[in-house]
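Work through the following exercises with the model open beside you. Each task is followed by a solution in steps.

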Amino acid sequence: MRLLIVLLFFPLIALAQKSAVVNGLVVDENDKPVSGAIVNLIGKNTTVNTNDSGRFSITVPADRQVALLFFAEGFNSTRKTLFLRPGESEHITVKLSVFSGNLDPVIVVNPNKGRREPGRITIDPSRTQLNPSPIAGIE
């Protein structure tokens, strides 16, 4: 009976040991915690955010190299590569540098300029005084 129980739970125990945990802290250049930073496991659909004190915890696959990408608004992204054994727990501190570059300008262009649609009325501002109004004469 004991052998049967061990054989039933052995696959579950083996599966549970196929992962590792990375705990850490994300700070800025002045060693102040960065809250709301995103920690992304590259190649998987696993993402966590740091809490108000900049701490995070993420489960990663074990026995292979994994890459974590750290980014936050106003900071340059940073990548860390780790190799962990099954059941291992690693604590890391990641320092993000402030983004000091310039963003490219955004130009909005209307490709449909002059487009006509049924039910759409376009008013020429220079002719607004000529348009009939139910309250004529009140400006």
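**Exercise 1. The antiparallel sheet**

In what order do the 4 strands of the open sheet with antiparallel pairing lie?

Solution. The model is predicted, and the steps below apply to its coordinates.

Step 1. The order across this sheet is β3-β2-β5-β6, and its pairing is antiparallel.

Step 2. Its edges are β3 (46-49) and β6 (78-83), each of which pairs on one side only. Neighbouring strands here are turned against each other by 20° on average, with direction ignored.

Step 3. Inside the sheet, β2 and β5 run antiparallel and are joined by 4 bridges. One position to inspect is L41, which stands opposite L68 in β5.

**Exercise 2. The mixed sheet**

Find the open sheet of 3 strands and state its order and pairing.

Solution.

Step 1. The strands are arranged as β4-β1-β7, and the pairing is mixed.

Step 2. β4 (55-61) and β7 (89-95) are the edge strands, each pairing on one side only. The average turn between neighbouring strands of this sheet is 25°, direction ignored.

Step 3. Strand β1 (residues 19-27) runs parallel to β7, and 7 bridges join the two. To locate this pairing, start at V21, whose bridge partner in β7 is S89.

Step 4. Place both sheets in the overall count: the protein has 1 helix and 7 strands, in the sequence pattern α-β-β-β-β-β-β-β.

**Exercise 3. The nonpolar core**

Which residues have the most contacts inside the largest nonpolar core?

Solution.

Step 1. The core has 20 residues, and those with the most contacts inside it are V22, V26, F56, I58, V60, L68 and F70.

Step 2. Trace the core back to the strands: β1, β2, β4, β5 and β7 are the elements that give two or more residues to it.

Step 3. Take V26 as a worked case. Beyond its neighbours within four places in sequence, V26 is in contact with residues including P33, A37, F56, F70 and V94.

Step 4. Compare with the general expectation: in soluble globular proteins, nonpolar side chains tend to be buried together. Over the whole protein, buried residues make up 20% of the 139 residues.

**Exercise 4. The aromatic pair**

How many aromatic pairs does a search of the whole structure find?

Solution.

Step 1. The search finds 1.

Step 2. Classify it. The ring centres of F56 and F70 are 5.6 Å apart and the planes meet at 65°, so the pair is edge-to-face; the cut-off for that class is over 60 degrees.

Step 3. Place the pair in the chain. F56 belongs to strand β4 and F70 to strand β5, 14 residues apart, so the pair links distant parts of the chain.

Step 4. Check burial. F56 counts as buried because its relative accessibility is 5%, and F70 counts as buried because its value is 1%. The cut-off used is under 20%.

**Exercise 5. Positive phi**

Where in the protein is D63 placed, and is D63 buried or partly exposed?

Solution.

Step 1. Most residues other than glycine have a negative phi.

Step 2. D63 has a positive phi, near 60°, and is not a glycine. D63 is in the loop between β4 and β5 (65-71).

Step 3. With a relative accessible area of 44%, D63 is partly exposed.

Step 4. Repeat for D31, where phi is also positive, at about 60°, in a residue that is not a glycine. D31 is in the loop between β1 and β2 (38-41).

Technical notes: Residues are numbered from 1 along each chain as its sequence is written. This is a predicted model: local features need pLDDT of at least 70, side-chain atom pairs count only at pLDDT 80 or more; totals for chains, interfaces and linings use all residues. Side-chain values use heavy atoms; hydrogens and water are left out. Buried means under 20% relative accessible area, exposed over 50%, partly exposed in between (1.4 Å probe, protein chains only). Two strands pair if DSSP finds at least two bridges between them. Axes are lines fitted to C-alpha atoms, for helices over the stretch in contact, and angles run from 0 to 180 degrees between N-to-C directions. A nonpolar core is a set of buried Ala, Val, Leu, Ile, Met, Phe, Trp, Tyr and Cys residues joined through side-chain atoms within 4.5 Å. Contact means heavy atoms within 4.5 Å. Rings of Phe, Tyr and Trp (its six-membered ring) pair if their centres lie within 6.5 Å; planes under 30 degrees apart count as stacked, over 60 as edge-to-face and the rest as tilted.
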